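Visitor: Could you pick one part of this model and take me through it closely, contact by contact? I'd like the cut-offs spelled out as you go.

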Amino acid sequence: MDVLSDVITIMRTGRPRSARVEWRAPWGQRFPSASGSAGFQVVLQGSCWLLPPDEPPVALSAGDVVFFPHGHGYAMADHPSTPVTEPACDPSDEDGLFASASAGGQGASTVLLCGGYRHDPDRAHPLLRDLPELIHLPAGPGLNSEVRAAVQLLGAEIHQPRLGADTVVSSLLDMLLLYILRAWFTDPHGACQVDGWAAALADPGVSAALDAIHRDPAHPWTVAELGARAGLSRAAFARRFAALVGQPPLAYLTWWRLASAGRLLRETDAPLSEIARRVGYGSEFAFANAFKRDYGVAPGRYRRTVLECVQE
């Protein structure tokens with residue numbers, strides 16, 4: 001789904017982080033909550049335990065992937081009874097695209113690939129808000145082959161960085177996140193409850209309308225035109241879209257236009273008039289008013305604030 005691709009593009013701010021860590025038993029590490037983040041752990045070698053708060057321990061083996069969409073805290077250890085230590089780094093620290101390290105004692109080895117993405121929690125795509133606190137993709141013959149392929153490439157690149165590693169690792173992190181979300185939303189084994197955005201992406205009509213909005217946000221879409229894309233009457237489409245997506249079609253269109261504008265302001269130096277045109281506003285004035293209503297700040301000031309934060 002192109003919608004999933006767009007979610008990845010919009011959600012991330014700053015540089016992703018990743019590390020390949022070899023742990024030797026006994027070891028236990030706490031990973032604290034970090035608002036505005038999403039993270040993952042992949043078991044490349046050996047086995048270990050995931051220790052979520054207020055939940056039973058989860059045994060993990062080589063090839064297992066765990067994803068934390070909302071940045072909730074957890075711990076990992078070689079055994080549930082092993083004491084866990086506090087992290088030696090700030091979870092919001094974005095320094096370092098990738099790293100490789102060893103830690104723990106002198107016992108059995110477990111190799112983990114971990115990573116994190118920063119995003120603006122106030123601007124997160126509603127698709128992400130529908131995800132559970134934890135997604136566990138277990139290893140197994142024929143399961144999640146795309147995820148495994150991305151993990152293998154990413155692990156090798158982090159372990160032995162070569163020319164172009166910054167670009168390769170950053171792209172592979174985005175690819176891995178996309179594959180994790182794809183695996184979750186298309187899970188044939190019933191782990192994904194078919195409601196909310198899962199149902200929206202699985203619904204041919206609503207999915208076609210979402211795809212149209214994401215492919216061409218500048219188009220002057222009407223509910224009737226989007227309904228025609230969905231193969232439904234105007235009224236039936238509006239009801240079905242609102243029920244699955246959580247807001248009416250044109251409200252979502254406006255949200256997506258402004259979210260896209262925010263990304264363009266952060267990542268390009270395009271003039272405001274061009275950004276207004278690219279996201280469907282007839283004038284810079286109309287765009288600036290809509291942006292300020294939604295973001296609480298004028299687009300020019302928003303861009304300057306982002307640049308000031310990057311330079312600090």
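Guide: What follows is a walk around helix α9 and the parts that go with it, with a short detour into some loops at the end.

First, the ground rules. This is a predicted model, so local features need pLDDT of at least 70 and side-chain atom pairs count only at pLDDT 80 or more, while totals for chains, interfaces and linings use all residues. Residues are numbered from 1 along each chain as its sequence is written, and side-chain values use heavy atoms, with hydrogens and water left out.

For the setting, the chain's secondary structure comes to 12 helices and 10 strands. Here helices (H or I, at least four residues) and strands (E, at least two) are DSSP runs, numbered from the N terminus. Of the 312 residues in the chain, 46% are buried. Buried means under 20% relative accessible area, exposed means over 50%, and partly exposed is in between, with a 1.4 Å probe and protein chains only. Take the contacts between residues at least 6 apart in sequence, and 77% of them join residues at least 24 apart; contact here means heavy atoms within 4.5 Å.

Now for α9 itself. This helix (residues 249-267) packs with α6 (residues 204-215) at an angle of about 35 degrees, and their axes are 10 Å apart. The axes are lines fitted to C-alpha atoms, for helices over the stretch in contact, and the angles run from 0 to 180 degrees between N-to-C directions. The crossing of α6 and α9 is right-handed, that is, the near helix is turned clockwise from the far one by less than a right angle, where anticlockwise would make it left-handed. On the α6 side, the contact is made by L210, I213 and H214; α9 brings P249, Y252, L253 and W256. Sorted by class, that comes to 6 nonpolar residues, 1 polar and no charged ones. In this scheme Ala, Val, Leu, Ile, Met, Phe, Trp, Tyr, Cys and Pro count as nonpolar, Asp, Glu, Lys and Arg as charged, and the others, Gly among them, as polar.

W256 turns up again with a partner from the other end of the numbering. I10 sits in helix α1 (residues 2-11), and it counts as buried because its relative accessibility is 8%. Leaving aside neighbours within four places in sequence, I10 is in contact with W256, A259, S260, R263 and R266. The C-alpha atoms of I10 and A261 are separated by 9.9 Å, although the two residues are 251 apart along the chain.

R263 has a second job to mention: its side chain meets that of E267 in a salt bridge (3.8 Å, N to O). A salt bridge means a side-chain nitrogen of Lys or Arg within 4 Å of a carboxyl oxygen of Asp or Glu, and the structure holds 8 of them. E267 and R263 both lie in α9, 4 residues apart, about one turn of the helix. In general, an α-helix has 3.6 residues a turn, so residues three or four places apart point the same way. Both partners count as partly exposed, E267 at 49% relative accessibility and R263 at 22%.

Back in α6, R215 and D211 make a salt bridge too, at 2.7 Å, N to O. These two are also 4 residues apart within their helix, about one turn. R215 counts as exposed at 59% relative accessibility, whereas D211 counts as buried at 18%.

Helix α7 (residues 223-230) joins in as well. Its V223, L226, G227 and A230 are buried, and they are on the same side of α7 because they cover an arc of only 105 degrees around the axis; the arc is that of the directions from the helix axis to the C-beta atoms. The buried residues of α7 pack against α6, α8 (234-245) and α9. Just after α7, G231 takes a positive phi of about 75 degrees.

And the loop detour. D54 has a positive phi too, near 60 degrees, in a residue other than glycine. This residue lies in the loop between β4 (47-51) and β5 (58-61), and D54 counts as exposed at 82% relative accessibility. The peptide bond from A25 to P26 is cis, with omega near -5 degrees, and P26 is in the loop between β1 (13-24) and β2.
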